[in-house]
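Open the model in your viewer and switch to cartoon. The stops below go one selection at a time.

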Amino acid sequence: MKKIVAALAALAICAAALVTPALAQDKKFTIALIPGLTTDGFYITMRKGAQAAADALGVTLVFQGAPDFNPVTQVPVLDAVIAKKPDAILIAPTDKVQLVEPLRKAHDAGIPVITVDTFIGSGVYQTGAGEADFPLSYIASDNVLGGEIAARALAKAIGDKGKVYVSNVKPGISTTDQREEGFKKEMAANHPGITVLETQFNDNDANKAASQLQAVFARNPDLVGVFGANLFSALGAANGVQQAGQTGTVKVVAFDAPTSIVDNINTGLVDVAIAQHPAEIGYFGVVSAYAHLTGQSIPVAIGTGFTIMDKANIADPNISKYLYSE
């Protein structure tokens with residue numbers, strides 16, 4: 001129900017903004033989109049959705065980011081964007097703690113902040129409590145739900161029994177933390193025949209994820225599944241499965257769906273992919289920023305959906321349209 005309400009609220013904003021551009025005809029707004037990294041298909045697709053909204057609303061969109069998902073490289077980009085004084089900032093923070101103070105600089109400079117994909121603090125904003133509640137809205141997939149969907153897909157693939165584990169990046173990244181949380185929650189609540197082993201953190205290194213898979217399999221030769229909480233984790237683990245000679249026996253569920261995932265699924269390297277809808281995130285981000293700038297209220301949270309991809313449906317145009325751009 002929360003997702004439905006959020007989606008309806010987002011559509012209401014969209015409709016209001018699109019039919020009332022005259023409210024801002026005396027000023028052309030500039031909205032900056034700072035992605036988690038610039039080279040990933042997820043954020044490239046998000047940019048396309050944001051640009052579509054910007055074009056419809058007569059907004060100038062600035063896309064500026066770092067080449068890797070790292071607060072050390074993202075903060076200087078953010079500082080440079082703040083110095084240019086855009087009318088609003090959309091950002092995918094690369095750390096939910098380390099980006100709080102850098103983003104506060106934007107807030108203190110009078111620049112509205114909306115977080116997309118990832119969040120700072122708890123992700124619950126405009127409560128009047130805490131040091132990280134100043135962003136106006138958080139627009140993203142419901143990553144806890146995404147983890148639950150991944151758990152159900154993996155449980156189905158392995159016949160609802162056996163040992164599995166989560167291949168994750170590192171603690172402190174809001175999205176992957178929540179995906180792991182949702183995965184474990186679903187497994188504990190509804191799949192008593194499945195044992196979830198200790199999470200393996202790979203620092204976003206696919207080679208490390210592959211080595212970890214082989215080490216886990218050596219300790220647990222009855223391993224039957226792995227959930228990659230992001231794409232590098234999933235593909236690294238999948239390569240580890242292949243190197244161990246267990247393709248088809250150890251099932252792999254991947255989170256995210258670039259176009260390359262099609263070959264991964266068709267060859268059996270990956271069994272299931274959970275696609276987010278990043279174009280919607282970018283679109284609703286720009287629309288929400290515009291609505292705020294033109295004096296309209298916006299929801300503090302907007303959720304977007306998921307599409308499950310596997311070998312049986314990956315060729316369906318209604319499914320493949322959710323593959324990310326390259």
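Which residue in strand 5 is the bridge partner of Thr115? Select Tyr138: that is the partner. Keep in mind that this is a predicted model.

**Stop 1: the strand pair.** Select residues 113-116, strand 4, and residues 137-141, strand 5. They pair in the parallel sense, over three bridges.

**Stop 2: the whole sheet.** Widen the view to the open sheet of six strands. Read the order as 2-1-3-4-5-12, with parallel pairing. Color 60-63 and 301-304 to mark the edges, strand 2 and strand 12. Each of these edge strands pairs on one side only. On average, neighbouring strands of the sheet are turned by 20° against each other, direction ignored.

**Stop 3: a helix across the sheet.** Now select residues 278-293, helix 10. Helix 10 lies across strands 1, 2, 3, 4, 5 and 12. Against strand 5, helix 10 runs at about 165°.

**Stop 4: two packed helices.** Select 206-219 for helix 7 and 231-243 for helix 8. Their axes are 7 Å apart, at an angle of about 45°. Helix 7 is therefore oblique to helix 8. The crossing is right-handed. Show side chains at the contact: Ala206, Ala209, Ala210, Leu213 and Gln214 of helix 7 meet residues of helix 8, including Phe232, Gly236 and Val241. By class, this contact has seven nonpolar, six polar and no charged residues.

**Stop 5: the annotated span.** Finish with residues 31-296, which the unreviewed UniProt entry annotates as "domain: Periplasmic binding protein". The span is 45% helix and 18% strand. Its end C-alpha atoms lie 16 Å apart.

Notes: Residues numbered from 1 in each chain as written. Predicted model: local features only at pLDDT ≥ 70, side-chain atom pairs only at ≥ 80, totals over all residues. Heavy atoms only, no water. Axes fitted to C-alpha atoms, helices over the stretch in contact; angles between N-to-C directions. Helix = DSSP H or I, 4+ residues; strand = E, 2+ residues; numbered from the N terminus. Parallel < 35°, antiparallel > 145°, perpendicular 65-115°, else oblique. Left-handed = near helix turned anticlockwise from the far one by under 90°. Contact = heavy atoms within 4.5 Å. Nonpolar A, V, L, I, M, F, W, Y, C, P; charged D, E, K, R; others polar. UniProt positions renumbered as here; feature names shortened; annotations may be inferred. Pairing = 2+ DSSP bridges.
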